[in-house]
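User: Could you take a close look at one part of this model for me? I'd like to start with one residue and its contacts, then see what surrounds that part.

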Amino acid sequence: EHPTYRPEEPSTERPHHHTRGPVEPSTEQPEHPTYRPEEPSTEQPESPTNKPLEPITEEPAVQTAKPVDPNVPVNPNLPQTDEPKILPSEAPTPDNADVDCIAPNGTEFGLTWWQRSGSSRARFNDVSVSGTNGVQMYPIHLNEPMTFKIALKNKDDLFAHGFFRQTIRISQFVEHSRSSPCSWVEVPTHGVLDNMAACVNGFHCPVQVRKGQLTLDVDFSQHTHWLRTLRNDVPYQFEILMTDMISNQYFSFVVQSRALTK
């Protein structure tokens, strides 16, 4: 017997292949390095401008001046603080505040006087100022009682009846400011020395007409409200106006003198 070759029946099983089957397409999009635009933000960007400040309810601290010990010397190298402002009515008056003002008309050494023009024929001859002890004084003291003794020729017998009035005006020789020259500045007396009944405000009555002498007592110490504002040891001027109320004649003279207020 000869071996015969029988063809093998084809296998119905699919042979195993080592090859990779077809790959199903992916639905995912490949990642790209491209830049995606950012979504617009709904938040408002901060403005560089300054925001309005909220009002401060707390009051600022007030710096009070510390009391200065007069026994401790002041160091000139340290900065000095500003002194508190003082109202004019409360401002202290320093001694010799106007050292640059030269005393006029010889008032540095003695009284100066003269008669102003008037309607009467009375003539002013002399004047002296004395204290309560009767001794002439110079300079005069405005804060103490003093007596003016006036000598004049009184041809019309003025003031003999005692019905006359007097007005006293006071001026001091000072400078208005650092840039203005020294001059006579009237002291405000608030009318207390105006149009006074003479015989009850210092004049000795009845007037000694034949001797030609008038005596006037003056006491400014009671007027402390304006006396304390006067400067010490500067020239003062006193203008005294006397009016005869019967004949309506008036007589006026001026006295200048150094005066002390302390």
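User: Which residues does Thr261 touch, not counting residues up to four places away in sequence?

Analyst: Leaving aside residues up to four places away in sequence, Thr261 touches Leu142, Asn143, Leu230, Arg231, Asn232 and Tyr236. Please keep in mind that this is a predicted model. Thr261 sits in the segment after β10. With a relative accessibility of 12%, Thr261 counts as buried, because the cut-off for that class is under 20%.

Stepping back to the chain as a whole, there are one helix and ten strands. Along the sequence they follow the pattern β-β-β-β-β-β-β-β-α-β-β. The chain has 262 residues, and 30% of them count as buried. Among contacts with a separation of 6 or more, 69% are between residues 24 or more positions apart.

Now to the strand before Thr261 and the loop that leads into that strand. Strand β10 covers residues 250-260, and Ile246 is found in the loop between β9 and β10. Ile246 is a good contrast to Thr261: its relative accessibility of 61% makes Ile246 exposed. Together with Phe163 and Met245, Ile246 makes a nonpolar surface patch of about 310 Å². For the wider surface, the chain has an accessible area of about 20900 Å², and carbon and sulfur atoms contribute 51% of that.

The aromatic residues are worth a look too. Across the whole structure, a search finds ten aromatic pairs. One of them joins Trp113 and Phe124: the ring centres are 5.0 Å apart and the planes meet at 70°, so this pair is edge-to-face. Trp113 belongs to strand β1 (residues 112-115) and Phe124 to strand β2 (residues 123-130), which puts the two residues eleven apart and links distant parts of the chain. Their exposure can be told apart as well: Trp113 is partly exposed at a relative accessible area of 30%, while Phe124 is buried at 8%. Both residues are members of one aromatic cluster, which is formed by Trp113, Phe124, Phe251 and Phe253.

A second pair brings us to strand β9. Phe220 and Phe238 have ring centres 6.3 Å apart and planes at 5°, so the pair is stacked. Phe220 lies in the loop between β8 (213-218) and α1 (224-227), and Phe238 lies in strand β9 (residues 234-244), so the pair ties together parts 18 residues apart in sequence. Phe220 is buried, with 4% relative accessibility, and Phe238 is buried as well, with a relative accessible area of 2%.

Finally, here is how some of these strands pair. Strand β2, which holds Phe124, pairs with strand β4 (residues 146-153) in the antiparallel sense over seven bridges. Within that pairing, Arg123 has Lys153 of β4 as its bridge partner. Strand β4 also runs antiparallel to β8, and six bridges join the two. On that side, Met146 stands opposite Val218 in β8. That takes us back to the loop after β8, where Phe220 lies.

How values were computed
Residues numbered from 1 in each chain as written. Predicted model: local features only at pLDDT ≥ 70, side-chain atom pairs only at ≥ 80, totals over all residues. Heavy atoms only, no water. Phe/Tyr/Trp six-rings, centres within 6.5 Å; stacked < 30°, edge-to-face > 60°. Helix = DSSP H or I, 4+ residues; strand = E, 2+ residues; numbered from the N terminus. Buried < 20%, exposed > 50% of the residue type's maximum accessible area, 1.4 Å probe, protein only. Pairing = 2+ DSSP bridges. Patch = residues over 30% accessible without salt bridge, like charges linked within 9 Å, V, L, I, M, F, W, Y side chains within 5 Å. Areas by Shrake-Rupley, 256 points an atom, 1.4 Å probe, with all protein chains shown as cover. Salt bridge = Lys/Arg side-chain N within 4 Å of Asp/Glu carboxyl O. Contact = heavy atoms within 4.5 Å.
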